[in-house]
Structure formats: C-alpha cells, structure tokens
Amino acid sequence: MAGVEIPQYFVCPISFQIMEDPVTTVTGITYDRESIEQWLLKAKDCVCPVTKQPLPRSSQYLTPNHTLRRLMQAWSPANTADGVDQTPTLKTPLSKIQLQKLVKGLEVPHSHQKSLEKLHALASQSERNRTCMAEAGVAKAVIKVINKNFKEGNTTCIEEALRLVHLLWNNHNSMKTLVGGNLDFINSLTWVLKLHLNDNNNIKMVNEAMPLLKLTIQVADSTLLGSLSLEFFKEVVSVLRKRALSQQAIKSALHVLTETIPLGRNRKRIVEAGAVTELIELELEKPEKNMTELIFNLLAHLCSCADGREQFLRHPAGIAVVSKRVLRVSAATDDRAIHVFSVIAKFSASKEVVREMLRVGAVSKLCMVMQADCGAYLKEKARDILRLHSKVWNNSPCIQVYLLTRHQR
C-alpha cells in the first residue's frame with residue numbers, strides 16, 4: 001500500500017485514515033462518521049476541526065456523502081492487489097424500535113440473557129451505536145436489571161450487564177442521575193465483589209465491577225459518600241489484597257479510596273477495614289509510579305488519625321518502605337512521605353519509633369531532602385522533624401552533617 005497514491009478526499013481529516021462511512025457536516029467538510037461523532041461527543045468547544053466554525057453536537061446533522069462513497073467503492077477494488085482494503089458494506093443504523101424491543105426483552109426472565117448479549121454486541125460495534133443506545137435509555141434499563149438481580153441474589157448475566165454499562169458510560173450524560181443519587185447501584189457492585197473476591201475461578205467479574213465502582217463513586221454526591229458502610233470499605237480493601245486481579249481493578253480500588261477518604265468518618269472506616277496494612281504490602285511489591293503516588297496519598301491521609309498511625313507503626317516495614325521511596329519516585333510522593341514522617345514524629349514518636357526511624361534510614365533521608373533540589377516548604381518540614389528528636393539522633397553521622405549545613409544555602 002506504500003506505493004499507492006490515495007486520493008486526498010478519501011482521507012478523514014481527523015483520523016488521517018481512509019474513510020469507511022463518509023459524512024458531511026453543516027460546514028461542508030467530509031469526515032469519517034465514527035471520527036466526527038467522537039469529536040462531537042468529547043470536544044470541549046464544538047467546532048469543525050478544519051474550519052473552526054461552530055457545529056451542532058447532534059449526529060442528526062451529519063449527511064451521508066453517497067457520491068464520495070461510490071467513488072471509494074469504485075477505487076478500492078482496483079487497488080486491492082496493492083494492499084488496499086475494500087470499502088466495507090455499511091450496516092443498517094440502529095433504530096429506536098429495535099432498541100425498544102431489546103430493552104423490553106430485559107424485563108422477561110427467559111429472554112433477558114439473549115437481549116443483553118445482543119445489546120453488548122451492538123454497543124461493541126461503534127460509537128454511533130452506543131450514542132443511540134444511551135438516547136434510548138438502555139443504560140437505565142441495564143442498571144435496573146443489575147439492581148434487581150442484587151435484591152434477588154441472582155447472578156445470571158451480571159458480568160454481561162456490567163460490561164454493557166461500562167461501554168455506555170461515556171456516551172451517557174445523565175449517569176450521575178442514574179447511579180449517583182442513591183446507594184442501590186453501589187450496593188449491587190459491593191455484592192458482586194463480596195461474591196467473587198474469594199472465587200479464583202471468577203475474578204473476571206471483579207475485574208468488570210471495580211472500574212465501574214470507581215466511575216460510580218466519582219459521580220456520587222457527598223451525602224452518598226458519607227453513608228458508605230464499613231462492609232463497603234472491607235470489600236474495596238480486599239481488592240488490594242487480591243494480586244490475581246488486573247492492574248486496572250487494583251488501581252480502581254485505590255481511586256475509590258482516594259475519592260472517599262476526605263470525609264473523616266470514611267477515614268476511620270478505611271483504617272478499620274485494614275487499608276494501611278494492605279497499602280504497605282502493595283507498595284512493597286514496587287508498583288508503577290502513579291500507583292505509588294496513590295498509595296502514598298492514602299497513607300498520608302490515614303496517618304493523620306491516631307488509629308491509622310497505630311496500624312502503620314504495627315507493620316514492620318512501614319517506616320522503611322516510606323523512607324526508601326523518598327527522592328526516588330516523584331515530588332508528589334516526597335510530599336506525602338514527609339507528611340507521614342511529620343505526623344508520626346509529632347504525635348506517635350515513642351522511643352522505639354524514633355530509634356526505628358534512625359535504624360532504617362528515615363533520618364538519613366530527611367537530611368538528604370534538606371540538601372536535595374526540593375521545594376523550600378519540604379526542606380522546612382524535614383528540618384522541623386529533625387529538630388523534634390535531635391537529642392536522640394545527635395550521634396548519627398548524618399545529623400552532624402545536618403548541623404554543619406543547617407543554614408539554608
């Protein structure tokens with residue numbers, strides 16, 4: 001295909017690929033349907049990518065360019081020997097009647113599995129299908145099925161239903177109304193976690209539920225977040241413990257905790273669920289940078305309360321793992337690590353803890369922070385921690401260096 005000269009008007013100005021379904025906007029520019037529909041859905045300023053003129057967001061204003069498509073259909077067969085794919089036959093657009101029939105099928109026990117499978121297949125085909133399904137209320141109907149199954153204790157077709165809601169999420173402007181106003185959907189997802197976290201043969205269900213739970217928590221209002229139960233947090237923390245799960249599922253659990261932790265009552269429940277121990281264990285496995293940043297942000301929040309610090313100090317590797325990551329990951333990690341050391345040094349510094357900080361290298365790292373290319377506020381926090389316990393640490397070689405260089409250069 002490298003030697004084939006492709007007519008410029010066959011190429012989509014957005015994807016720079018040969019168009020499959022050319023459509024023309026009200027500005028007179030032709031694009032591939034899927035590319036322009038995604039642009040209309042996601043662009044902050046809804047303007048024509050080429051002319052920068054305003055465009056209506058609705059895809060009903062896109063006109064099929066039949067003339068261009070016929071030219072492409074005539075051109076592609078003549079160049080298939082050179083690697084050009086034939087212009088695909090267009091599929092019949094989804095009709096509201098077809099979707100309404102499938103949605104009704106969800107209400108009938110003997111047909112709702114087949115309806116879910118068909119809806120999932122249609123949603124997987126194109127952005128256009130997903131937009132049509134969102135407009136037809138498919139997401140609302142599927143969420144209703146999930147909540148009903150939860151109340152009845154019925155796991156039939158749950159995995160398919162979760163996948164479908166996830167597929168439709170970005171195409172639906174009212175997801176907050178559907179899932180963020182009451183606990184029904186959150187309780188349903190928590191139920192899925194509880195059923196399958198201990199089932200190694202069905203971890204796929206948890207892999208589907210956890211990213212969806214993250215999206216749900218992100219759109220839930222503060223009143224709802226404040227009413228989350230200890231049972232909820234126990235299940236989310238259990239995800240951190242399950243290494244067989246996907247990285248996306250574990251990272252979603254970290255995001256759920258991050259979204260809910262600002263509320264004091266949630267912080268207490270997260271500690272009670274054993275999160276501090278599991279976060280340290282997860283960090284000991286040297287995860288990727290953004291996961292470490294999430295872990296340290298959570299540890300900083302949890303160590304701000306007495307119970308959190310107690311759980312942190314009970315773990316034999318707690319101080320050591322925080323010390324080891326200082327100046328090795330990112331500025332955000334350094335900030336959160338120094339905060340952990342600060343609250344421990346101020347509020348939980350028994351003789352054993354102070355000696356432990358010296359033994360595992362935390363004191364050395366604090367001295368290094370003062371000499372490193374860090375923010376002035378971080379150096380000041382490190383200096384304050386060193387001053388708090390200088391009487392115990394004054395025999396340390398690094399403290400002597402600190403005393404010699406304590407005046408800021």
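The legends below describe close-up views of a predicted model.

**View 1. Aromatic rings around Y9 and F10 in the predicted model.**
The count of aromatic pairs in the structure comes to four. In one of them, the ring centres of Y9 and F10 lie 5.1 Å apart and the ring planes stand at 90°, so this pair is edge-to-face. The two partners differ in their surroundings, since Y9 counts as exposed at 52% relative accessibility, whereas F10 is buried with a relative accessible area of 2%. Together with W75, the residues Y9 and F10 form one aromatic cluster.

**View 2. The aromatic pair of F150 and W191.**
The rings of F150 and W191 form a tilted pair, with 5.8 Å from centre to centre and 55° between the planes. This pair links distant parts of the chain, because F150 belongs to helix 6 (residues 138-152) and W191 to helix 9 (residues 184-196), with the two positions 41 residues apart in the sense that they are 41 residues apart. F150 counts as partly exposed, at 26% relative accessibility, while W191 is buried, with a relative accessible area of 14%.**View 3. S188 and its surroundings in helix 9.**
S188 has its place in helix 9, where this residue is buried, with a relative accessible area of 0%. The side chains of S188 and N147 are joined by a polar contact of 2.8 Å. When neighbours within four places in sequence are left aside, the residues in contact with S188 are I146, N147 and F150.

**View 4. Helix 5, its ends and its buried face.**
Helix 5 covers residues 127-135, and its buried residues are E127, N129, R130, M133 and A134. Seen down the helix axis, these buried residues fall within an arc of 160°, so they line one face of helix 5. The elements they pack against are helix 1 (33-42), helix 3 (96-105), helix 4 (112-125), helix 6 and helix 7 (158-168). At the N-terminal end, helix 5 is capped by S126, a side-chain oxygen of which lies 3.1 Å from the backbone nitrogen of N129. Following helix 5 comes G137, which has a positive phi, near 80°.

**View 5. The nonpolar cores.**
The largest nonpolar core has 107 residues, and of these M133, L213 and F312 touch the most other members. Helix 10 (residues 203-219) gives the most to this core, contributing 10 residues. A second, separate core is made up of 16 residues, among them C12, I36, L40 and L55. For F312, leaving aside neighbours within four places in sequence, the residues in contact are V276, I280, L299, C303, G318, I319, V322, V340 and I344.

**View 6. Helix 15 and the helices that cover it.**
Helix 15 (residues 275-283) is mostly covered, with seven of its nine residues buried. The buried residues of this helix are A275, V276, E278, L279, I280, L282 and E283. What covers them includes helix 12 (230-241), helix 13 (247-260) and helix 14 (264-272), as well as helix 16 (289-302), helix 17 (306-314) and helix 18 (318-325).

**View 7. The cysteines C303 and C305.**
Zero disulfides are found in the structure. C303 takes part in none, and the cysteine sulfur nearest to that of C303 belongs to C305, 7.8 Å away. Seen from C305, the closest cysteine sulfur is the one in C303, and at 7.8 Å the two are too far apart for a bond. C303 is buried, with a relative accessible area of 0%, whereas C305 counts as partly exposed, at 21% relative accessibility.

**View 8. I338 in helix 19.**
I338 is found in helix 19, which covers residues 331-347, and at 0% relative accessibility I338 counts as buried. I338 and K381 are 43 residues apart in sequence, while their C-alpha atoms are 7.2 Å apart in space. Leaving aside neighbours within four places in sequence, I338 is in contact with L366, V369, L378, K381, A382 and I385.

Definitions and conventions:
Residues are numbered from 1 along each chain as its sequence is written. This is a predicted model: local features need pLDDT of at least 70, side-chain atom pairs count only at pLDDT 80 or more; totals for chains, interfaces and linings use all residues. Side-chain values use heavy atoms; hydrogens and water are left out. Rings of Phe, Tyr and Trp (its six-membered ring) pair if their centres lie within 6.5 Å; planes under 30 degrees apart count as stacked, over 60 as edge-to-face and the rest as tilted. Buried means under 20% relative accessible area, exposed over 50%, partly exposed in between (1.4 Å probe, protein chains only). Helices (H or I, at least four residues) and strands (E, at least two) are DSSP runs, numbered from the N terminus. A disulfide is a pair of cysteine sulfur atoms within 2.5 Å. The arc is that of the directions from the helix axis to the C-beta atoms. Contact means heavy atoms within 4.5 Å. A polar contact is a pair of N or O atoms within 3.5 Å; within protein, one must be able to donate a hydrogen and the other to accept it, and residues adjacent in sequence count only if both atoms are side-chain atoms. A nonpolar core is a set of buried Ala, Val, Leu, Ile, Met, Phe, Trp, Tyr and Cys residues joined through side-chain atoms within 4.5 Å.
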